[in-house]
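Hi everyone, thanks for making time. I'd like to walk you through a structure that may be new to you, so settle in and have a look at it with me.

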Amino acid sequence: QVQLVESGGGLVQPGGSLRLSCAASGTIFRINHMGWYRQAPGKQREYAAVISSGGMTNYADSVKGRFTISRDNANDTVYLQMNSLKPEDTAVYYCNAQVDYGLGLGVDYWGQGTQVTVSS
């Protein structure tokens with residue numbers, strides 16, 4: 001079993017910055033991609049950013065140029081640096097990780113979510 005624990009959410013003014021962290025623990029041989037998703041009130045969960053095990057990144061258009069995803073493979077941790085935050089970035093942010101169990105079996109795990117609120 002694998003657990004993902006997020007931290008770093010909170011209240012920030014428009015234009016401000018926050019850094020989210022997500023640490024994976026448990027029985028882990030290898031983690032493939034790791035990513036961040038978000039869900040605003042009354043909306044479906046949407047993809048924000050993803051990073052491969054080799055460090056390749058991809059971003060949703062809505063966060064491109066403002067958010068930066070990174071990971072520490074030695075500690076099975078992924079980060080999301082969020083700059084120039086806007087009120088529309090307000091959401092619960094969820095960490096995702098695909099754990100590779102070998103023989104082509106990958107299992108997705110999710111964190112419990114951390115609230116980010118952008119408001120003056």
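Let me begin with a term: accessible areas here come from the Shrake-Rupley method with a 1.4 Å probe. On that basis the chain exposes about 6300 Å², and carbon and sulfur atoms supply 49% of this area. Please keep in mind that what you see is a predicted model.

Now for the overall picture. How many helices and how many strands are there in the chain? There are 0 helices and 11 strands, so if you read along the sequence you meet β-β-β-β-β-β-β-β-β-β-β. The C-alpha trace spans about 50 × 25 × 25 Å along its principal axes. For 120 residues, a compact globule would have a radius of gyration near 14 Å, and the chain agrees with that, at 14 Å.

What about the inside? Of the 120 residues, 42% count as buried. Looking at contacts with a separation of 6 or more, 53% of them come from residues 24 or more positions apart. As for charges, there are 9 positive and 9 negative ones, and their mean positions are 5 Å apart.

Let's visit a few residues, starting with N96. You'll find N96 in strand β9, which covers residues 91-100. Is N96 buried or exposed? Its relative accessibility is 3%, and because buried means under 20%, N96 counts as buried. Leaving aside neighbours within four places in sequence, the contacts of N96 include L4, H33, M34 and W110. Y109 is also among them, and here there is a polar detail: the side chain of N96 reaches the backbone oxygen of Y109 at 3.3 Å. One more distance for this residue: N96 and G113 are 17 residues apart in sequence, and their C-alpha atoms are 9.9 Å apart in space.

That brings us to Y109 itself, in strand β10, residues 106-110. Y109 counts as buried too, at 14% relative accessibility. Which side chain does the side chain of Y109 join in a polar contact of 2.8 Å? The partner is Y101. Beyond four places in sequence, Y109 is in contact with Q1, V2, L4, C95, N96, A97, V99 and Y101. L4, then, appears in the contacts of N96 and again in those of Y109. By contrast, D72 is 37 residues from Y109 in sequence and 17 Å away, C-alpha to C-alpha.

D72 leads us on to T77, since D72 is among the residues that T77 touches. T77 lies in strand β8, residues 77-82, and at 9% relative accessibility T77 counts as buried. Where does a polar atom of the T77 side chain find the backbone oxygen of N75? The two lie 3.0 Å apart. Not counting residues up to four places away, T77 also touches C22, A23, M34, S70 and R71. You may remember M34 from the contacts of N96.

Our last stop is T114, in strand β11, residues 114-118. With 11% relative accessibility, T114 counts as buried. The side chain of T114 reaches the backbone nitrogen of G9 at 3.3 Å. G9 is one of the residues T114 touches beyond four places in sequence, and the others are E6, L20, A91, V92 and Y93.

That's the tour, and I'm happy to go back to any of these spots with you.

Technical notes. Residues are numbered from 1 along each chain as its sequence is written. This is a predicted model: local features need pLDDT of at least 70, side-chain atom pairs count only at pLDDT 80 or more; totals for chains, interfaces and linings use all residues. Side-chain values use heavy atoms; hydrogens and water are left out. Helices (H or I, at least four residues) and strands (E, at least two) are DSSP runs, numbered from the N terminus. The radius of gyration is taken over C-alpha atoms; the globule rule is 2.2 Å times the number of residues to the power 0.38. Buried means under 20% relative accessible area, exposed over 50%, partly exposed in between (1.4 Å probe, protein chains only). Contact means heavy atoms within 4.5 Å. Lys and Arg count as positive and Asp and Glu as negative; His and the chain ends are not counted. The place of a charge is taken as NZ of Lys, CZ of Arg, CG of Asp or CD of Glu. A polar contact is a pair of N or O atoms within 3.5 Å; within protein, one must be able to donate a hydrogen and the other to accept it, and residues adjacent in sequence count only if both atoms are side-chain atoms.
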